[in-house]
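Take a walk through this protein model, one element at a time. Keep the 3D view open as you read.

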Amino acid sequence: MTRLPLPRDVERRAARLVTALPGSLRRGLAGRPIGRDGQVLDPHVQLVLSLRERRGVVPLDGLTPREAREHVAREALLVCGPAPDVAGVTDLEVDGAAGPLRARLYRTHEPDAPLLVYFHGGGYVTCDIETHDVPCRALCRHAGVHVLSVEYRLAPEHRFPAAVDDACAAFAWAVKNAADLGADENRVGVGGDSAGGTLAAVVSRLSTRSGDTAPAVQLLIYPGTDRLGAHASMQTFASGYYLTAGDMAWYHAQYAGPGGGHHRDPRLSPLLAKDFGGLPPAVVVTAGFDPLRDEGEAYAARLRAAGTPAASRRFSSLVHGFLHMAGASPAARDALVETGGMLRAALQLTDDERRTR
């Protein structure tokens with residue numbers, strides 16, 4: 001991972017020290033336990049949120065896109081934890097819809113491993129392969145897969161559907177070049193978190209419906225699936241739990257433009273598609289204290305109702321963005337490891353089915 005400048009490195013070390021305090025001191029800093037919707041917030045995550053409040057939460061709608069990118073990257077790197085070791089890391093370029101895209105390949109030690117094409121979150125506006133270095137390394141290590149992390153074009157410089165077009169082009173490139181990357185060309189999956197999870201779901205649908213090679217599996221980590229639905233979690237967790245309703249409104253205005261004219265498009269709201277049958281097997285991961293929780297779980301339910309295998313796992317004590325909190329919360333670290341295990345199992349099942357045909 002790129003070395004942080006000294007002030008950020010000091011801030012990051014301080015954050016680690018605070019979250020490693022004895023339980024009594026940590027509880028004193030975090031405040032009384034928080035329970036909502038029948039769930040109890042993880043105390044380590046609560047401390048992270050409490051410290052964030054004390055430092056001053058910065059609403060995204062008061063920032064320029066460039067300022068938002070710097071702010072979100074800084075927060076992600078503070079509590080992400082050390083970078084897990086993998087067999088190798090290579091920066092490269094892959095095909096996008098309008099030119100080459102920056103990408104990073106993480107190689108696993110395991111032989112004959114599948115390939116996961118991964119799209120980062122960040123509301124289609126922020127984040128990149130640097131902010132998602134630790135999560136991608138963890139998936140590579142614990143799922144036993146090569147991970148190809150792709151930087152698609154960001155809004156507002158490139159509005160909807162630029163990210164979708166890039167994601168589809170990058171996945172097609174990965175399928176074509178999987179063997180050259182050292183991966184099992186018969187097992188190329190797609191995944192992502194938040195906006196990246198949405199892109200993974202859309203790539204799965206579009207590649208399947210077009211007759212092209214479809215992903216072996218889709219890993220959807222707290223995806224946004226419905227920009228129109230009045231899901232209960234959107235109101236229950238509208239503020240105070242990292243991702244806010246105001247942040248989401250800002251992200252969507254940057255990506256889809258003001259007015260929400262594209263919100264019914266299944267490329268932006270996959271839950272609004274008409275047919276869910278025949279799609280790749282899915283692993284859908286949600287967080288209990290996340291405004292996107294209910295729409296992610298509704299998407300998994302629609303897949304299952306249509307006969308598409310879909311495992312759904314809610315980490316009830318965690319918040320949106322927990323992939324970046326492995327350095328501050330043991331529960332977040334364990335969730336990241338378990339997510340890798342679920343992906344490993346899903347890929348093994350698809351491989352077993354392919355071999356028995």
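Two strands count as paired if DSSP finds at least two bridges between them. This model is predicted. With that rule for pairing, look for the sheet. Eight strands form an open sheet. Their order is S3-S4-S6-S5-S7-S8-S9-S10, and the pairing is mixed. Which strands stand at the edges? They are S3, residues 88–95, and S10, residues 310–319. Each has a single partner strand, so one side of each is left without a neighbour in the sheet. Neighbouring strands of this sheet are turned by 20° against each other on average, direction ignored.

Now zoom in on the S3 edge. S3 and S4, residues 100–107, run antiparallel. Eight bridges join them. Here Asp 95 stands opposite Pro 100 in S4.

Next, find helix H7, residues 195–210, which packs on the sheet. H7 touches three strands: S5 (115–119), S7 (188–193) and S8 (218–221). The direction of H7 makes about 150° with that of S7.

H7 also packs with a second helix, H6, which covers residues 162–177. The angle between H6 and H7 is about 65°, and their axes are 10 Å apart. The crossing is right-handed. Which residues meet there? From H6 come Ala 163, Val 164, Ala 167, Cys 168 and Phe 171. From H7 come Leu 199, Val 202, Val 203 and Leu 206. The residues of this contact divide into nine nonpolar, no polar and no charged. One general point helps in reading such lists. An α-helix has 3.6 residues a turn, so residues three or four places apart point the same way.

Move on to helix H4, residues 65–78. How far should its 14 residues span? At 1.5 Å a residue, the answer is 20 Å. The end C-alpha atoms of H4 are 20 Å apart, which agrees. Several residues of H4 are buried, among them Pro 65, His 71, Glu 75 and Leu 78.

Try the same check on helix H10, residues 293–305. Its 13 residues should span 18 Å at 1.5 Å a residue. The end C-alpha atoms of H10 are 19 Å apart, which agrees. The buried residues of H10 include Arg 293, Asp 294, Tyr 299 and Leu 303. What do the buried residues of H10 pack against? Their partners are strand S2 (39–40), H7, S8, helix H8 (232–236), strand S9 (282–289) and S10. H10 is followed by Gly 307, whose phi is positive, near 90°.

Conventions:
Residues numbered from 1 in each chain as written. Predicted model: local features only at pLDDT ≥ 70, side-chain atom pairs only at ≥ 80, totals over all residues. Heavy atoms only, no water. Helix = DSSP H or I, 4+ residues; strand = E, 2+ residues; numbered from the N terminus. Axes fitted to C-alpha atoms, helices over the stretch in contact; angles between N-to-C directions. Contact = heavy atoms within 4.5 Å. Left-handed = near helix turned anticlockwise from the far one by under 90°. Nonpolar A, V, L, I, M, F, W, Y, C, P; charged D, E, K, R; others polar. Expected span 1.5 Å × (residues − 1). Buried < 20%, exposed > 50% of the residue type's maximum accessible area, 1.4 Å probe, protein only.
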